[in-house]
Amino acid sequence: MKVAKVIGNIWATRKEESLSGIKLMILKPIDVLDEKNSFSPIVAADIIGAGVGEIVLYVSGSSARSAVGDAAIPVDATIVGIVDDKEINENVL
């Protein structure tokens with residue numbers, strides 16, 4: 001799993017039929033240690049109802065397709081959790 005901040009929605013009126021009914025969100029992957037932006041934005045399927053501004057957990061590749069429930073659906077990333085809080089033990093770093 002990876003961590004990202006939801007920065008927006010994206011709509012596509014014309015798309016692969018199997019994507020119908022799947023909400024698409026724009027994510028900015030972040031470094032979990034300092035929550036700084038670390039990668040380019042990506043588009044992810046949202047199966048849990050995340051909102052803009054929330055920190056989320058997402059999976060990619062075959063895990064993303066499995067999370068949506070069908071290995072044939074063409075998604076590369078799927079939001080699978082909303083982060084409530086985090087605790088990092090600085091002594092271990």
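In the predicted model, Ile-48 lies in the loop that joins strand S3 to strand S4 (55-60). Its relative accessibility is 36%, so Ile-48 is classed as partly exposed. Ile-48 also contributes to a nonpolar patch on the surface, with an area of about 430 Å². The other contributors to this patch are Met-1, Ile-47, Val-80 and Ile-82.

One member of the patch, Ile-47, recurs among the contacts of Thr-78. Thr-78 belongs to strand S5, which spans residues 77-82. With a relative accessibility of 0%, Thr-78 falls under the 20% limit and is therefore counted as buried. When residues up to four places away in sequence are set aside, the residues touched by Thr-78 are Ala-44, Ala-45, Ile-47, Leu-57, Tyr-58, Val-59, Ala-64, Ala-67 and Val-68. Among them, Leu-57, Tyr-58 and Val-59 fall within the range of strand S4 (55-60). Ala-64 is also the partner in a polar contact: its backbone oxygen is reached by the side chain of Thr-78 at 2.9 Å.

A single salt bridge is present in the structure. It is formed by the side chains of Lys-23 and Asp-46, with an N to O distance of 3.5 Å. The two residues are 23 places apart and link distant parts of the chain. Lys-23 is located in strand S2 (residues 23-29), and Asp-46 in strand S3 (residues 42-46). The two partners fall into separate accessibility classes. Lys-23 has a relative accessibility of 37% and is thus partly exposed, whereas Asp-46, at 7%, is buried because its value is under 20%.

Strand S3 is also a boundary of the loop that holds Val-32, which runs between S2 and S3. Val-32 has a relative accessibility of 39% and is accordingly assigned to the partly exposed class. Apart from neighbours within four places in sequence, the contacts of Val-32 are with Val-3, Lys-86 and Ile-88. A further distance was computed between Val-32 and Glu-90, which are 58 residues apart along the chain. The C-alpha atoms of this pair are separated by 13 Å.

Technical notes: Residues numbered from 1 in each chain as written. Predicted model: local features only at pLDDT ≥ 70, side-chain atom pairs only at ≥ 80, totals over all residues. Heavy atoms only, no water. Salt bridge = Lys/Arg side-chain N within 4 Å of Asp/Glu carboxyl O. Helix = DSSP H or I, 4+ residues; strand = E, 2+ residues; numbered from the N terminus. Buried < 20%, exposed > 50% of the residue type's maximum accessible area, 1.4 Å probe, protein only. Patch = residues over 30% accessible without salt bridge, like charges linked within 9 Å, V, L, I, M, F, W, Y side chains within 5 Å. Areas by Shrake-Rupley, 256 points an atom, 1.4 Å probe, with all protein chains shown as cover. Polar contact = N/O pair within 3.5 Å; in protein donor to acceptor, adjacent residues only side chain to side chain. Contact = heavy atoms within 4.5 Å.
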